[in-house]
Number of protein chains: 6
Amino acid sequence: MIAVYPGSFDPPTLGHIDVIRRAVNIFGELTVLVAESSKKTSLFTAQERKTLLEKVLEGKNVRVEIHSGLTVDYVKKIGGKVIIRGLRAVSDFEYELQMATMNRKLQPTIETLIIMTGEEFSYISSNTVKEVAHHGGDISKVVPPTVDEAVRKKMRL
Amino acid sequence: MIAVYPGSFDPPTLGHIDVIRRAVNIFGELTVLVAESSKKTSLFTAQERKTLLEKVLEGKNVRVEIHSGLTVDYVKKIGGKVIIRGLRAVSDFEYELQMATMNRKLQPTIETLIIMTGEEFSYISSNTVKEVAHHGGDISKVVPPTVDEAVRKKMRL
Amino acid sequence: MIAVYPGSFDPPTLGHIDVIRRAVNIFGELTVLVAESSKKTSLFTAQERKTLLEKVLEGKNVRVEIHSGLTVDYVKKIGGKVIIRGLRAVSDFEYELQMATMNRKLQPTIETLIIMTGEEFSYISSNTVKEVAHHGGDISKVVPPTVDEAVRKKMRL
Amino acid sequence: MIAVYPGSFDPPTLGHIDVIRRAVNIFGELTVLVAESSKKTSLFTAQERKTLLEKVLEGKNVRVEIHSGLTVDYVKKIGGKVIIRGLRAVSDFEYELQMATMNRKLQPTIETLIIMTGEEFSYISSNTVKEVAHHGGDISKVVPPTVDEAVRKKMRL
Amino acid sequence: MIAVYPGSFDPPTLGHIDVIRRAVNIFGELTVLVAESSKKTSLFTAQERKTLLEKVLEGKNVRVEIHSGLTVDYVKKIGGKVIIRGLRAVSDFEYELQMATMNRKLQPTIETLIIMTGEEFSYISSNTVKEVAHHGGDISKVVPPTVDEAVRKKMRL
Amino acid sequence: MIAVYPGSFDPPTLGHIDVIRRAVNIFGELTVLVAESSKKTSLFTAQERKTLLEKVLEGKNVRVEIHSGLTVDYVKKIGGKVIIRGLRAVSDFEYELQMATMNRKLQPTIETLIIMTGEEFSYISSNTVKEVAHHGGDISKVVPPTVDEAVRKKMRL
């Protein structure tokens with residue numbers, strides 16, 4: 001069965017990698033969908049985020065794609081059935097509930113499944129990572145080495 | 001008794017209409033107050049949102065007004081006693097509590113009453129509606145037909 | 001319009017009195033409905049709680065009744081339209097949402113309205129009051145004098 | 001892949017049936033695990049709850065079993081990989097997070113997946129159902145007909 | 001300054017030990033206060049819980065005491081200024097807020113301070129520990145060895 | 001022991017002053033750290049906020065400093081051990097948990113302690129203060145007189 005894990009991944013964190021590992025473990029394979037947001041200003045371009053994810057996930061049964069429209073439209077197009085979401089916190093939960101409900105109204109046959117993030121990654125977010133790196137802090141414990149290097153390179157520019 | 005239901009309504013959703021219907025049912029009449037925010041960039045102008053609400057609410061005992069100041073000041077000016085709020089989720093709840101407490105400090109005689117939105121509308125927000133429409137998604141199940149048409153027309157521009 | 005404020009009131013706290021005062025201010029009158037629970041062991045009998053409320057609310061336009069069935073059945077019987085609930089905290093909110101939704105399924109014409117408790121009473125519950133009194137603590141700042149006296153008398157027995 | 005949906009189901013509600021339907025849709029089949037709790041007093045025996053679920057789920061690719069130990073032990077014994085949970089509300093979420101974390105410590109290879117309940121069932125719980133039925137209320141909109149009948153029969157005794 | 005960490009500790013978990021370690025690190029010393037609840041049925045007696053804590057905390061600058069009244073009364077008696085609480089989850093937070101507010105009304109000079117539990121212990125509770133042990137599960141990753149042994153011995157009886 | 005209370009304080013509210021007063025009461029002294037954010041547009045400059053805080057806190061054992069980097073780096077530099085945070089609401093709590101966890105990864109020896117704000121200040125935020133003042137509302141009940149005057153002067157410009 002085709003499962004899709006959508007997100008901004010700006011940048012990918014160890015929390016994202018943990019969700020991906022668990023999802024592949026359950027569904028055998030996974031499509032990671034990088035959202036190409038036109039609104040939010042991102043640190044990395046969608047293509048850079050795709051490349052970062054592909055490096056980090058090399059050897060895993062994971063495909064990385066970029067999509068700029070509605071997630072449910074992409075999932076339907078590729079014949080997928082399941083949207084995967086990782087959950088960190090209660091405030092996340094409500095946003096997820098809202099999105100899942102809206103997605104269900106748009107495509108009733110596609111289900112949203114939530115995977116609990118490992119508790120050691122439970123309070124890592126891309127925004128916190130960027131904030132810490134911006135102030136010269138060490139992010140090596142919360143992102144993969146490839147991402148650590150890329151963030152530092154990007155921020156130096 | 002005069003009750004006022006303030007909001008951005010950018011655009012009005014079926015969730016808003018549900019709250020308005022229930023409030024009219026309780027208080028006999030209702031004033032819907034469209035906030036003319038100077039900060040947030042809105043999809044529709046305050047006047048357009050007023051017109052949309054008036055079309056959708058035609059025949060109901062509802063007056064629609066635009067106001068750019070503090071809600072409590074407007075409510076006091078028209079001799080109102082009650083501010084109506086609809087509640088979707090827990091995160092809403094805390095913001096509402098904060099606003100209600102501040103409003104109480106500003107005008108102790110005006111009460112904030114919360115109406116539970118119907119659960120079929122519980123996870124619809126104006127922001128989600130705009131996000132879905134922006135990506136070409138179908139919003140006809142979450143907004144009235146008049147609003148659906150207006151959003152599609154506006155976004156095509 | 002007839003509004004009903006149901007609860008256990010075991011014992012009534014200043015938080016309850018605050019909600020009642022605000023509800024009377026809005027609706028002109030109020031029926032306080034004391035739940036005669038067959039399950040929970042209560043400190044005061046339903047009759048004692050009714051008497052306590054009547055003493056504390058003397059002179060206010062409030063009627064106190066005892067009811068052992070579903071709140072919505074009582075509200076419908078007396079031709080009421082509105083159930084009033086006070087809200088202290090987020091965890092309350094979810095329980096209230098669940099009850100309001102169930103009540104709506106039972107009686108779609110009866111609405112549940114939530115009044116924000118004054119913030120100085122926001123974290124008082126009957127259970128905390130009983131726990132503190134049980135250990136000989138001073139509850140005079142969180143319950144009316146009549147209730148304070150009754151609780152101390154009851155606990156001494 | 002074998003997925004297990006554990007719970008008390010005392011009684012099964014339309015919310016449970018909704019989760020089961022979605023889980024079968026995703027995983028092809030499902031094992032529903034009725035917890036035989038030694039502590040909580042239940043309305044129906046574990047065997048009665050199993051029979052109710054089997055009647056309601058007849059024709060669906062669902063197996064119903066009774067288990068009195070740890071869920072993860074059962075899942076491991078039958079070679080399962082996934083525990084399914086339905087989520088109604090934020091307070092549920094935290095309990096689920098706690099259980100999922102503990103289960104992960106007990107059996108790191110078993111994942112907990114959360115399915116969003118349909119919003120029309122989002123605030124139905126077995127406890128509310130029992131409370132309403134206990135007071136003679138109509139539960140036909142929140143449980144399957146078979147369960148409705150069984151609850152009314154059981155409560156009359 | 002004298003800081004007091006009250007709780008049931010039935011049994012003590014690695015989460016409790018983590019809070020105690022952090023509190024000693026900040027305040028130099030700590031008094032752990034074992035609540036002798038007359039209501040809740042506990043697995044261990046207050047004396048047994050005191051002995052378990054003393055064994056586990058040997059060599060640390062921690063005193064363990066039993067108290068059956070209000071925590072604030074004890075803290076005041078020994079000239080303490082601070083009540084320490086560990087926080088696991090949002091639902092905890094609201095209960096803590098309620099207790100802290102009540103304690104402040106009882107003794108305005110005593111403050112409640114919350115220490116964030118280490119995220120690896122964030123979803124361990126005494127109740128979950130007992131539930132898992134009751135079903136023969138392995139609790140060695142969530143309690144100290146001394147407690148693990150004592151729980152297994154106690155449950156065998 | 002050196003404790004640091006970081007924040008934006010744009011502007012300082014009675015809620016902040018309440019936390020500061022309680023923290024000084026516990027730790028004897030306090031360093032208030034004004035964040036010089038490069039991102040958020042603030043009403044007052046960091047220097048103006050520092051001056052406001054110094055005026056309001058005159059005579060208290062409080063030092064006010066400006067810092068533009070990571071809080072933990074500053075705390076470490078001055079040999080501090082504790083970061084103080086005030087808590088208003090559940091949504092705050094999750095953000096605080098996320099920041100505290102990240103800070104712990106960056107500097108494991110520095111602890112984050114949460115002080116409960118007095119309930120009469122529990123729903124005051126700098127943002128609400130600015131919103132009310134922007135609309136010509138009275139903020140004298142939620143900020144110190146010095147801040148009230150400064151906000152009105154600044155907004156007139």
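# Helix pairs, chain pairs and an odd loop

In chain E, four residues of H2(E), namely E:Glu48, E:Leu52, E:Lys55 and E:Val56, touch E:Thr146, E:Val147, E:Ala150 and E:Lys154 of H6(E); contact here means heavy atoms within 4.5 Å. This is a predicted model, in which local features need pLDDT of at least 70 and side-chain atom pairs count only at pLDDT 80 or more, while totals for chains, interfaces and linings use all residues. Residues are numbered from 1 along each chain as its sequence is written, chains are lettered from A and ligands numbered from 1 in the order written, and side-chain values use heavy atoms, with hydrogens and water left out.

## The H2 and H6 helices

H2(E) covers residues 46-56 and H6(E) covers residues 145-156, and their axes come within 10 Å and cross at roughly 150°. That crossing makes H2(E) roughly antiparallel to H6(E). (Helices are DSSP runs of H or I with at least four residues, strands are E runs of at least two, and both are numbered from the N terminus. Axes are lines fitted to C-alpha atoms, for helices over the stretch in contact, with angles from 0 to 180 degrees between N-to-C directions. Under 35 degrees is roughly parallel, over 145 roughly antiparallel, 65 to 115 roughly perpendicular, and the rest oblique.)

Now for chain D. Helix H2 (residues 46-56) of chain D packs against helix H6 (residues 145-156) of chain D at about 150°, the axes being 10 Å apart. H2(D) and H6(D) are therefore roughly antiparallel to each other. On the H2(D) side the contact is made by D:Glu48, D:Leu52, D:Lys55 and D:Val56, and on the H6(D) side by D:Thr146, D:Val147, D:Ala150 and D:Lys154.

## Chain B with chain C

Turn chain B by 180°, with 0.0 Å of shift along the axis, and it superposes on chain C with an RMSD of 0.0 Å. The two copies are thus related as by a two-fold rotation axis. Within chain B, B:Ile114 has the C-alpha nearest that axis, 2.4 Å from it. (Copies are superposed by least squares on C-alpha atoms of residues with pLDDT of at least 70 in both.)

As for the interface, 28 residues of chain B are in contact with 28 residues of chain C. 100% of the interface residues of chain B are also interface residues in chain C, so the copies meet through the same surface. Between them, chain B and chain C bury about 2,500 Å², with 64% of it on carbon and sulfur atoms. (Buried area is the accessible area, by a 1.4 Å probe, that two parts lose on being put together, summed over both.)

## Chain D with chain A

Chain D goes onto chain A by a turn of 180° and a shift of 0.0 Å along the axis, giving an RMSD of 0.0 Å. The C-alpha nearest the axis in chain D belongs to D:Ile114, at 2.4 Å. Here too both copies use the same surface, as 100% of the contact residues of chain D recur in chain A.

The contact draws 28 residues from chain D and 28 residues from chain A. About 2,500 Å² is buried between chain D and chain A, and carbon and sulfur atoms give 64% of that.

Some chains don't touch. Chain B and chain E share no contact, and their closest C-alpha atoms lie 12 Å apart. Chain D and chain F have no contact either, again with 12 Å between their closest C-alpha atoms.

## Salt bridges

Over all chains, the whole structure holds 60 salt bridges, each a side-chain nitrogen of Lys or Arg within 4 Å of a carboxyl oxygen of Asp or Glu. Two salt bridges cross from chain B to chain C, and two are counted between chain D and chain A. Here are some of the pairs:

| Arg partner | Acid partner | Closest N and O atoms |
|---|---|---|
| B:Arg22 | C:Glu111 | 2.8 Å |
| D:Arg22 | A:Glu111 | 2.8 Å |
| B:Arg21 | B:Asp18 | 3.4 Å |

B:Arg21 and B:Asp18 are three residues apart in helix H1 (residues 14-27) of chain B, which means about one helical turn separates them.

## The loop after strand E1

Most residues other than glycine have a negative phi, and most peptide bonds are trans. So what kind of peptide bond joins B:Asp10 and B:Pro11? That bond is cis, with omega about 5°. B:Pro11 sits in the loop between strand E1 (3-7) and H1 of chain B.

Chain C has a cis bond from C:Asp10 to C:Pro11, with omega near 5°. C:Pro11 is in the loop between strand E1 (3-7) and helix H1 (14-27) of chain C. C:Phe9 also belongs to the loop between E1 and H1 of chain C. Although C:Phe9 is not a glycine, its phi is positive, at about 50°.
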